[in-house]
Amino acid sequence: MNRLMVWLPLCIFAILVGFFFKGLSLNPNEQPSALIGQPFPVFGLTDLMTGERLTREQLPRQPYLLNVWASWCITCQVEHPYLTQLSKQMPVVGLNYKDTETAAKNWLAKLGDPYALQIFDPTGRLGLDLGVAGAPETFLVDSKGVIHLRIQGEVNDRVYAKKIQPVLETIQ
Amino acid sequence: MKKSILIACLLSVSLCLQAAIETYQFDSPEQEVRFRQLGYELRCPKCQNQAIGDSDAEISGDLRAEVYRMLKDGATDDEIKGFMVARYGRYVLYNPPLDKHTLILWFGPAVLLIFGGIFVGFRIRQSKKALEAGESQT
């Protein structure tokens, strides 16, 4: 019994160290999305480029990425070349978030437009329904319209290999 | 003269500051109280340790506007919180409800306190015994 009493504080300390050590590699800005496993929210917005009405039914019928971006977002500009490259493998749908039409169109004219569709969401209504906290965010959606993954921040080679690819393999 | 210019400058600054604060019109004082309360209980998804009520982040402004819109539509506090949780997860609740996911959060400290109390009691008893044993020897 005495022996246990001696070792108990050390055990508790070791458990705490375990938790703290894990905490070192966690990014507190990355929140689990409440929409994982949920269908893509219903929306009625317009296409930025054509001005035509867009609804959930017009979204791709194969696994695709939905990229939330805006012309005021610096990181979006950083990840843009990588998304352009990715768009050759799978459709990338744009969600232009809390932006103005002119600024968004100028941005695309300057940096290129790899997007299969461009949902124009100036008020951030669809962003709110998706639980978007800020741009950029990227969602992986399957062929049935179910959300499988949310990435907050830049999408690059490392994020693709570590997060997107493993999930993509399970839904293809 | 200088003084009046200074006062004019200061006044213009204070007007600017006032313009940055959102003004919402409420139907009743109770509704305003509920709005403030929800502002304290909902957490800003972008800025870690701030409630949407005192955060200047863009998203907090959007969420406040949404809370306001829902209050005006006659939604209950639970409906508004449910709406936010469905989109931003449990993370947005500063006052987490008691359920199986939050058991450790609610009762963990009490359990630790009880164990600590038992431990301390045990040690005191032991040292007393040791002391008594020591005294009886001398």
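## A tour of helix H4 of chain B

Start in H4(B) and select B:Ile80, B:Met84, B:Arg87 and B:Tyr88: these residues are buried. Look along the helix axis. The four lie on the same side of H4(B), because they cover an arc of only 80 degrees around that axis. Keep in mind that this is a predicted model.

Now turn to the other side of H4(B). Select B:Asp78 and B:Gly82, which are exposed.

Next, show the whole helix. H4(B) has 12 residues. From its first C-alpha to its last it reaches 16 Å, close to the 16 Å expected at 1.5 Å a residue. Step just past the end of H4(B) to B:Gly89. Its phi is positive, about 80 degrees.

What covers the buried residues of H4(B)? Bring up helix H2 (29-41) and H3 of chain B, then helix H4 (125-129) of chain A; the cover includes these helices. Both chains therefore belong in view, as the cover includes helices from chain A and chain B.Now display the interface. Here 12 residues of chain B are in contact with 11 residues of chain A. On the side of chain B that touches chain A, select helix H3 (58-72) and helix H4 (77-88) of chain B; each supplies at least two residues. Which helix gives the most to this side? H4(B) does, with 4 residues.

Finish by coloring the side of chain B that touches chain A by residue class. Its residues divide into 6 nonpolar, 2 polar and 4 charged.

Technical notes
Residues numbered from 1 in each chain as written. Chains lettered and ligands numbered in written order. Predicted model: local features only at pLDDT ≥ 70, side-chain atom pairs only at ≥ 80, totals over all residues. Contact = placed C-beta atoms within 7 Å. Nonpolar A, V, L, I, M, F, W, Y, C, P; charged D, E, K, R; others polar. Expected span 1.5 Å × (residues − 1). Buried ≥ 20, exposed ≤ 12 C-beta atoms within 10 Å, placed from the backbone. Arc of directions from axis to C-beta.
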